[in-house]
Amino acid sequence: MEYFRFVPPTIIASLVVVNAMPSPQNTPEPATNSRFLPPGLFSVPQTNPNQGLQNTGAGLGLGAIAGIAGTNCLFGGNCDLSFRPSIGGALDANGQFVPQLGVTTQVGDGNGGIGTTFTGGV
């Protein structure tokens, strides 16, 4: 019974306080700080529209691996997850050092002859 005594007034008081707070009309874009991480690290990946066949093949391959991993997990009970990070670097065409981050995710323990791994990186 204490719930009905304290919670409804608390909810109403919280709503009143939130509605009374001023909200800015023009919100400026937040400045991105790229001191430790490269700019654009968490952006949507862009594909080359001139490489339609390669993009389709990569998408189909990823879908096939996800389907096999999902089937093994749902019907085989083989849902073990393993993550292997990788950190490195490379030189681009202009001779600039470019840091690289990656992670390989394995679904299942690899028994049964099919190893389902996903590798992604920036």
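These are my notebook entries on what I looked up in this predicted model.

**Entry 1: overall make-up**

I began with the secondary structure and found two helices and three strands in the protein chain. Along the sequence the elements follow the pattern α-α-β-β-β. I then looked up burial: buried residues make up 8% of the 122 residues. The exposed area of the chain comes to about 10,400 Å², and carbon and sulfur atoms supply 63% of it. For contact range, I took the contacts between residues at least 6 apart in sequence; 31% of these join residues at least 24 apart.

**Entry 2: helix H2 and what follows**

Helix H2 covers residues 52-76, which is 25 residues. From its first C-alpha to its last I noted 35 Å, close to the 36 Å expected at 1.5 Å a residue. As a reminder to myself, an α-helix has 3.6 residues a turn, so residues three or four places apart point the same way. After H2 comes Gly 77, and its phi is positive, near 70°.

**Entry 3: the disulfide**

I searched the whole structure for disulfides; the search finds one. It joins Cys 73 to Cys 79, with an S to S distance of 1.9 Å. The angle about the S-S bond is 105°, and the link is right-handed. Are the two cysteines buried, exposed or in between? Cys 73 is partly exposed, because its relative accessible area is 25%. Cys 79 also counts as partly exposed, at 36% relative accessibility.

**Entry 4: the sheet**

The three strands form an open sheet in the order E1-E2-E3, with antiparallel pairing. E1 and E3 are the edge strands, since each pairs on one side only. On average, neighbouring strands of this sheet are turned by 20° against each other, direction ignored. H2 packs on the sheet and touches E2 and E3; the direction of H2 makes about 135° with that of E3.

I went through the pairs next. Strands of a sheet pair through backbone hydrogen bonds, either parallel or antiparallel. E1 and strand E2 (residues 97-107) are antiparallel and share eleven bridges. Two of the partnerships I wrote down are Ile 87 with Leu 101 in E2 and Gly 88 with Gln 100 in E2. The hairpin of E1 and E2 has five residues between the strands, and there Gly 95 takes a positive phi near 85°. E2 also runs antiparallel to strand E3 (residues 116-121), with six bridges joining them.

**Entry 5: Pro 85**

Which strand holds Pro 85? I found Pro 85 in E1, which spans residues 81-91. Pro 85 counts as exposed because its relative accessibility is 70%, and the cut-off for exposed is over 50%. Leaving aside neighbours within four places in sequence, the contacts of Pro 85 are Gly 102 and Val 103. I also checked Pro 85 against Thr 119, 34 residues apart along the chain: their C-alpha atoms are separated by 9.6 Å.

**Entry 6: Gly 102**

From Pro 85 I went to its contact Gly 102, which lies in strand E2. Gly 102 is buried, because its relative accessible area is 17% and buried means under 20%. Outside the neighbours within four places in sequence, Gly 102 is in contact with Arg 84, Pro 85 and Ser 86, and also with Gly 120 and Gly 121. The C-alpha atoms of Gly 102 and Gly 120 are separated by 5.6 Å, while the two residues are 18 apart along the chain.

**Entry 7: Gln 106**

I looked up Gln 106 as another residue of strand E2. Which residue of E3 stands opposite Gln 106? I found Thr 117 there. Gln 106 is buried, with a relative accessible area of 17%. Not counting residues up to four places away in sequence, Gln 106 touches Asp 80, Leu 81, Ser 82 and Arg 84, together with Thr 116 and Thr 117. In a regular strand the side chains alternate between the two faces of the sheet.

Conventions:
Residues numbered from 1 in each chain as written. Predicted model: local features only at pLDDT ≥ 70, side-chain atom pairs only at ≥ 80, totals over all residues. Heavy atoms only, no water. Helix = DSSP H or I, 4+ residues; strand = E, 2+ residues; numbered from the N terminus. Buried < 20%, exposed > 50% of the residue type's maximum accessible area, 1.4 Å probe, protein only. Contact = heavy atoms within 4.5 Å. Areas by Shrake-Rupley, 256 points an atom, 1.4 Å probe, with all protein chains shown as cover. Disulfide = S-S within 2.5 Å. Expected span 1.5 Å × (residues − 1). Pairing = 2+ DSSP bridges. Axes fitted to C-alpha atoms, helices over the stretch in contact; angles between N-to-C directions.
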